Structures are given as structure tokens and as C-alpha cells.
Amino acid sequence: MLNDQDIIDIRKDFPILDTKIEGRPLIYLDNAATSQTPDAVVDTISYMYRNLKANVHRGVHTLSQLATDKQEEAREKVRRYINADSTGEIIFTRGTTEAINLVASSFGGTLTHGDEIIITAMEHHANIVPWQLLQRNKRIRLRIVPLNERGEIVTEDYEDLFTENTRFVAISHVSNVLGSINPVKKMIEIAHSHGVPVLVDGAQAVSCMKVDMKELDADFYAFSAHKMYGPTGVGVLYGKKKFLEMMPPYQGGGEMIGTVTFEKTTFAGLPYKFEAGTPDFVGIAAFGTAIDYIQDIGIDNIAAHEDRLLKAATEKLQQIPGMRIFGTSENKSAVISFLVNGINSYDMGTILDKLGVAVRTGHHCAEPLMHRLGIEGTVRASFGVYNTMEEVEQFVAAVERTAKMFS
Ligand SMILES: *Cc1c(COP(=O)(O)O)cnc(C)c1O
């Protein structure tokens with residue numbers, strides 16, 4: 001368990017947290033959009049640019065080999081972090097969005113008219129629109145898993161959607177709006193009993209819980225480095241070898257080929273078949289440092305600390321008259337979406353910003369979910385490892401003050 005002194009020490013790794021907004025200390029509660037980056041990660045980036053800037057996999061020269069080693073070390077760190085079988089199953093992408101697009105485009109190519117894909121009502125646009133793009137050319141049907149009042153998936157409702165035409169399931173592990181931690185292990189089991197592979201959007205999960213590919217048995221798993229204290233522009237697609245091997249490349253170019261002639265080109269083995277062009281090897285190396293950072297603190301310690309903040313914030317917010325919290329799942333990550341009375345989320349967010357509190361407002365890239373909730377948007381506070389109990393108190397006081405201003 002992290003104590004107050006641990007958090008004080010952790011905060012020293014994030015100088016951005018000393019920022020003042022209109023003279024007040026910044027209270028950064030937008031971690032579900034992107035988390036801040038510790039100095040160690042920034043140091044890796046500058047180290048790579050200063051000392052190891054050489055293109056990977058292409059040169060015999062020493063720098064190129066060292067840069068390649070850094071990239072491949074990071075791949076091994078990711079493999080271990082999610083307990084995948086082999087580094088061939090770890091494909092570096094630009095982020096969760098690109099990882100899902102890769103699967104929709106490459107695996108999706110095998111789908112035909114009448115096939116059905118199951119997604120849920122809480123998906124981020126990144127796990128809706130790529131499947132809709134597939135529908136442009138083919139009459140593929142999306143079937144949507146409903147949610148109960150608490151913002152949870154009821155596995156019976158999910159299982160009811162399977163038909164003989166179901167070909168794929170794409171579900172989020174943790175909702176970026178509701179915080180619901182979905183029963184993905186069970187959902188994967190059900191899909192597999194129907195012979196259907198599953199992609200899990202893990203963008204909100206990897207920073208706050210242990211994620212184990214062998215235990216989950218997910219066929220694909222997508223996530224972004226920037227939401228786990230890492231750099232922007234880097235993400236991962238985990239895929240089971242048996243699928244990745246049969247899937248065609250996503251993009252063509254350098255790095256992903258075996259041999260090229262004008263008559264015929266063969267492709268590289270995994271994972272390089274899916275990594276066309278010069279990868280962001282600087283960001284990838286820094287991502288490796290971010291994983292080290294998380295593991296030094298301990299993912300269970302991070303989860304316990306964030307859960308304590310979530311419970312305290314929820315309890316205090318509920319005492320504000322007119323407070324409506326969206327997403328009250330038993331099993332919840334440290335995200336609170338709410339509205340007070342009829343106050344527009346954007347208006348509240350603007351005032352909170354003046355008070356130093358950074359929250360997200362609006363539809364959070366999940367417009368279909370907003371429609372189902374019958375609202376336009378919410379104010380969303382999301383916690384990270386460096387947030388403190390004092391910040392929770394200041395945040396709740398700021399919400400209270402804002403609510404009074406509008407009443
Ligand atoms: C942030 C997020 C994404 C998109 O991640 P990018 O890093 O923008 O590609 C997808 N799904 C969920 C649940 C997210 O929170």
C-alpha cells in the first residue's frame with residue numbers, strides 16, 4: 001500500500017504537477033484522456049535522441065544495432081507485462097486506435113455479407129467506427145450489448161446476441177466514461193464457446209490492473225502507452241499467433257517485407273509483417289521505461305491507491321445536492337462521470353478549470369453511450385497514481401462551489 005510519503009515522492013517525478021493555473025495549483029484529474037509522464041520516461045526520450053538516433057533493423061552499424069536492441073527490449077517488457085507467449089505477438093502501433101483499425105482492416109477483410117460483429121453500448125469511438133467503415137463495403141451487422149442501470153454488462157444479455165452469423169466480438173475491458181470493469185474473461189469464454197474470436201480494447205485497463213493474456217485468453221488486445229505514464233504516439237496490438245499468421249499485412253512499405261520484386265513480394269515474419277515503415281523506436285524505448293516505472297511502484301499498489309481516491313471522491317460528491325453519477329458498477333476503475341442539476345458539462349468544466357481543476361467534459365468519444373444515457377455529456381474526473389486525498393477534497397469543494405454559482 002502506498003502511504004502519503006510515497007505519493008509525495010512519486011509526485012516529484014512529475015514536475016508538470018507543480019503547474020499553476022490562474023495562480024492556483026493544478027489538480028490534474030484527466031488521466032483517462034492521458035496520464036502525465038515521469039522524468040525517467042522523458043529522460044529515455046532525450047537519451048535516445050542524444051545518443052541512439054539510428055534507424056532500427058536496417059544497419060549493420062553499431063548505433064543502429066543499439067537502437068534496435070532498445071526497441072526489442074521494450075517489446076520484451078510489454079510481452080512480460082501482459083504475459084503474452086512471444087514477442088512475435090506484440091505489434092507496435094501508434095495507439096489503441098490504430099491497433100483496432102489494423103484488426104478491423106486486416107482480419108475484417110475475411111468477413112462477408114450477413115456476418116455479425118458484437119460490440120457494447122459503452123464503446124469508445126475507436127472501437128465503433130473502424131467496424132462501421134467495414135460496413136461501407138459489406139453488409140455487416142453490428143449488434144450492441146445493452147447496459148443495466150449501473151452501467152454494467154449483463155452476461156446473459158450478451159450471450160443472447162450470438163447467432164450462427166456472429167464472426168467477431170470487440171469489447172472494452174474498462175469503460176472510459178462509466179469506469180465499469182467488464183467481465184471480459186467470462187465474455188471471452190462465451191464467445192469462444194461459439195467459436196468466435198474476441199478483441200479487447202484495453203486502453204483504460206492496462207494502467208490500473210493486472211492484465212494477463214494467458215489468463216484472459218483474449219485473441220486481440222489493444223492499448224496505448226500515453227495512458228500508462230508513457231509517451232504519445234505508441235501503442236500495442238497483442239494478437240494470438242494463429243490469427244496474426246493468417247492475416248494479411250495492414251500497410252505496405254519497408255520493415256514488413258521478406259523480399260521485394262516487381263512481380264512478387266514476400267512478407268516478413270511476426271511481428272514485423274504488421275510494422276511497415278520506420279517505427280517510433282524512440283517512443284517505444286520510452287514506453288519500456290514507463291512499464292518499468294509502473295512495475296517499480298507495483299500495479300496492485302497503484303490500483304489500491306486509485307480505488308481509495310475513487311471511493312472517497314464518490315462518497316463526498318454524492319453529498320452535493322442534485323449530483324448524478326453515471327456508472328455505479330461494483331467493479332469500477334477510478335473514473336467518475338457526473339452532472340449536477342442541469343448544469344452543462346462544458347460550463348462546469350470551464351469554471352473548474354479556473355479553480356485549477358482539470359477534468360474532461362462532453363461525450364468522451366462515446367456519443368452512442370451518451371444517447372443511451374439521454375444526455376449530451378458529462379464532467380469526468382479520472383485519477384492517477386500521483387493524485388492525493390487533499391486533491392480529492394479540493395476537487396469536491398470546487399464542484400460544490402461551481403454548483404452554487406449556477407443555482
Ligand atoms: C483512449 C481510448 C481509446 C483510444 O486511444 P488512442 O490512444 O487515442 O488511440 C480507445 N478506447 C478507450 C476505452 C480509450 O479510453
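This is a short talk on one helix pair and some of the salt bridges in the structure above.

Okay, hi everyone. Before I start, keep in mind that this is a predicted model.

Let's begin with the helix pair. I'm looking at α3, which covers residues 62-82, and α10, which covers residues 281-297. Their axes sit 8 Å apart, and the packing angle comes out at about 40°. That angle makes α3 oblique to α10. As for handedness, the crossing of α3 past α10 is left-handed.

So who's touching whom? On the α3 side, the contact residues are Ala67, Lys70, Gln71, Ala74, Lys77, Val78 and Tyr81. Over on α10, they meet a set that includes Phe281, Ile284, Phe287, Gly288, Ile291 and Asp292. If you sort the contact by class, you get 10 nonpolar residues, plus 3 polar and 3 charged ones.

Now, two of those contact residues, Lys77 and Asp292, deserve another look. Their side chains form a salt bridge, with N to O at 2.8 Å. In sequence, this pair joins distant parts of the chain, with Asp292 in α10 and Lys77 in α3, 215 residues apart. And is Asp292 buried, exposed or partly exposed? Its relative accessibility is 29%, so Asp292 counts as partly exposed.

That brings me to salt bridges in general. How many does the structure hold? The total is 20, and I'll pick out a few more.

Here's one that links distant parts of the chain: Arg380 with Asp30, at 3.5 Å from N to O. Arg380 is in strand β17, residues 378-382, while Asp30 is in the loop between β3 and α2, and 350 residues separate the two. Both Arg380 and Asp30 are buried.

Next, a local one. Lys12 and Asp9 make a salt bridge at 3.4 Å, N to O. Both belong to helix α1, residues 4-12, and because they are 3 residues apart there, about one helical turn lies between them. What about accessibility? Lys12 comes in at 58% relative accessibility, so it's exposed. Asp9 has a relative accessible area of 35%, which puts it in the partly exposed class.

Last one, and here we go beyond a simple pair. Glu72, Arg75 and Glu275 are connected in a salt-bridge network.

So, to take home: an oblique α3 and α10 pair, with the Asp292 and Lys77 salt bridge linking the two helices, and a buried Arg380 and Asp30 pair. Thanks, everyone.

Methods
Residues numbered from 1 in each chain as written. Predicted model: local features only at pLDDT ≥ 70, side-chain atom pairs only at ≥ 80, totals over all residues. Heavy atoms only, no water. Axes fitted to C-alpha atoms, helices over the stretch in contact; angles between N-to-C directions. Helix = DSSP H or I, 4+ residues; strand = E, 2+ residues; numbered from the N terminus. Parallel < 35°, antiparallel > 145°, perpendicular 65-115°, else oblique. Left-handed = near helix turned anticlockwise from the far one by under 90°. Contact = heavy atoms within 4.5 Å. Nonpolar A, V, L, I, M, F, W, Y, C, P; charged D, E, K, R; others polar. Salt bridge = Lys/Arg side-chain N within 4 Å of Asp/Glu carboxyl O. Buried < 20%, exposed > 50% of the residue type's maximum accessible area, 1.4 Å probe, protein only.
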